[in-house]
Amino acid sequence: MNNDTRSALFAPVRSLPGVNSRQEELLCRLGILRSSDLLFFFPRDYRPRPRWTRIADLVPDAEQVTYGRLADFRTSPYSRGRVANGIFEDDRGDRLQTVWFNMPGWMYNQFQLDRRALITGKPAKNKRGKLQISHPNLVWLDDDDDLPFDSESGVAAPPIEQPAEEKTLYPVYPLTEGLKQYQLHRIMKEALKTLPDLLDDVFPEDYRAAHDLLPIAEAVRLIHLPKNEEEANHARRRFIYQEFLLLQLALAVRRQQHEISLKAPMIRSADDIELRVRRLVPYELTGAQKRVIREIGGDMSRPVPMNRLLQGDVGSGKTIVAAAAILQAVADGYQAVMMAPTEILARQHFSFLTRLLENTPIRIVPLLGGQKPKTRAEILRDIECGSASIIVGTQAIICADVRFRKLGLVVIDEQHKFGVRQRARLKTGTDADPHYLVMTATPIPRSVTMTIFGDLDISLLDELPPGRRKVRTGVITPEKRAGWWAFFRREIDKGRQGYVVVPRVDETDDGLKNVQSVYDELSAGPLKDVSLGIIHGRMAPEEKDRIMADFRNRVIKVLIATSVIEVGIDIPNATLMSIENANMFGLAQLHQLRGRIGRGKQAGVCGVLLGGEEPEEAAGTESARPDARTRPRNDPKQRLETFAGSNDGFFLAEKDFEMRGPGELFGTEQHGLCKFHIADILRDRAILEEARRDAAELVRSDPGLASPPHHLLRKQVLHRYGQVLNLGDVG
Ligand code: ADP
Ligand code: MG
């Protein structure tokens, strides 16, 4: 295609016939600057195009659309108001009476003789036996209006000359104020005349044939003006597929690059690692745990960095799996790091690993906030010289400035907010990258793992340790509160412990419960004389530590907490949970919270308390995640019933996902991986799977997409994802 002709694609929209400067400005607001932008400004919907009827063919008592030119217009006084009569005449000279009683003043001006209009209404016989329409809906046509359009009144209208081969759908575009459907239709029609033929097709012809993809020009034309649903879908399919394929290619290429450029230590897998772990814990590992330990062992013995996501519902026993991986690294002379998102959890992991390995010479050090500078300096030295083998801390602290002697493995626990991650640059002490194991209890729908987490290997802990009981959950409406607290009290008196989760730390003007007021309320009422404790994210680390220790030792019976307790905390004697303003939390988050109880022999009971929350207006604080509130909720009671009715984390995550979208759920909005123009990872999952397979195949057969037929594809991948995914120069 020669460049002069092609430049029409990139010309400003103003260069299209019929686009004036006012319209240019409006189009700009829709993000349409160049002519080619118009082609890719897709309809948001299609409407069936109504048939229209000539005046002579109108029948009484059925709504019909007809058209004519205004041949006469008069108004006359009529009892208490005025009556307006308009006569429309069509191209064959047939005439139609229309009548309005008390026509509003602004309408008069529209009635100019010879002006054409589409007239919608139900004709009825008048006194003289002729058909007449009272108060019809009018859409005035300007001279060159020959496209269907959707007027302000929502009437879909046919072209004045009904074409022989009729398209039965017309497109509906998202608009901006001041721009009308019919105006955009007119502009589109202009753009669609020749521009689509100038587009380059990224897909070679045989590829299109093999994958049922329309050529680009045809797809563009049909997505704007399809004859029927089937054509529209066929056109959409091409664009959806293309979007998915680009992302999948980018991920596949990135993976390929990693395999080539990144080296990792080959950690020998000790055959007896399962046995060794078995000796350290008082229980038998589940089948799933054994399987995953082997998967991880296999990864770590390869010279390429492991990049594995371990998914397992709350309580599925991920910690011991991580411990097994850590032991394996340490046994082969490498250091291992375990990172947690909160101090509380980091401390818990530290004490767990310390207890687990107390009879071994392996040295474990904590790296936490609030450590004395001297202590910290010593620890850092021990890490650098290699006398400390296992380092446990929060992510922020470990990523800061720690030098390792020989780092082989990094475990990141309870990560639910990450996408295709920029690997933390750790000073590993060797010239190799460490292996990464990321663990999460947030069940991630498969369609999401395929896109956002597309470059990770996934292990699933799909088996709970034996004897686990489901947490019984109930929705506590305001009338049931008193009964619920009485029950809660009885259980505490039997020796159980519990959590009370509250969305806010301090009083806020959104009317949500806060930790202090709930403390006051409970200690004066239902939980009088019970020893209560408070914990939230703003407390000093030592303070949190002390409180958690007291709770673990049962000095504190009930812990009033923000959602800081959401992740990882493991205290088997705690069997009760009461969640205030429960509708403030996402379903997956509620499931996480609920996962804190029922971890021992006793079944857990969880009450989700309803009332008082107004999600849309709530202001953010540390506790309820901001994303939990940005979308309007379904009916709160029904939503909580859904939660109460299921103990399946995957199911709840899917529900959450449907309600809130992937970006908000997984914090991926910032890197734009999930920003699709037309594709939808939920609705179009089948195409996504297809694109994923095809991308793998393409990259296998043509590494780096270097061959000439894939040149355009490669260009687009780089253009779209080169930066986000740091692809460098592919091929
Ligand atoms: P999570 O996957 O939520 O991180 P944890 O690793 O904290 O789960 O394990 C939850 C509880 O289950 C812990 O108390 C742990 O000791 C126990 N546990 C883990 N694996 C088993 C098993 N195979 N049999 C019995 N209990 C187990
Ligand atoms: Mg855990």
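Which residue stands opposite Leu 532 in β20? The residue is Val 558. Keep that pair in mind as we look around this model, which is predicted.

**The sheet**

Leu 532 belongs to β19, and β19 (532–535) is an edge strand, as is β17 (472–476): each of them pairs on one side only. The sheet they border is open and has six strands, in the order β17-β22-β21-β18-β20-β19, with parallel pairing. On average, neighbouring strands here are turned by 20° against each other, direction ignored. The partner of β19 is β20 (residues 558–561), and four bridges join these two strands in the parallel sense.

A helix comes along too. Helix α16 (residues 481–493) lies across β17, β18, β20, β21 and β22, and runs at about 160° to β21.

**The aromatic rings**

Now for the rings: a search of the whole structure finds 16 aromatic pairs. One of them joins Phe 41 and Tyr 173; the ring centres are 6.2 Å apart and the planes stand at 20°, under the 30 degrees cut-off, so this pair is stacked. It links distant parts of the chain, since 132 residues separate Phe 41 from Tyr 173. Here are the two partners side by side:

| Residue | Loop | Relative accessible area |
|---|---|---|
| Phe 41 | between α3 (35–39) and β1 (45–48) | 12%, buried |
| Tyr 173 | between β9 (169–172) and α5 (181–194) | 1%, buried |

Elsewhere, ring pairs join Phe 73, Phe 88, Trp 100, Tyr 108, Phe 111 and Trp 140 into a cluster. A ring can also have a charged neighbour: Lys 406 lies over the face of Tyr 334, 4.4 Å from the ring centre.

Conventions. Residues are numbered from 1 along each chain as its sequence is written. Chains are lettered from A and ligands numbered from 1 in the order in which they are written. This is a predicted model: local features need pLDDT of at least 70, side-chain atom pairs count only at pLDDT 80 or more; totals for chains, interfaces and linings use all residues. Side-chain values use heavy atoms; hydrogens and water are left out. Rings of Phe, Tyr and Trp (its six-membered ring) pair if their centres lie within 6.5 Å; planes under 30 degrees apart count as stacked, over 60 as edge-to-face and the rest as tilted. Buried means under 20% relative accessible area, exposed over 50%, partly exposed in between (1.4 Å probe, protein chains only). A charge sits over a ring if NZ of Lys or CZ of Arg is within 6 Å of the ring centre and within 35 degrees of the ring normal. Two strands pair if DSSP finds at least two bridges between them. Axes are lines fitted to C-alpha atoms, for helices over the stretch in contact, and angles run from 0 to 180 degrees between N-to-C directions. Contact means heavy atoms within 4.5 Å.
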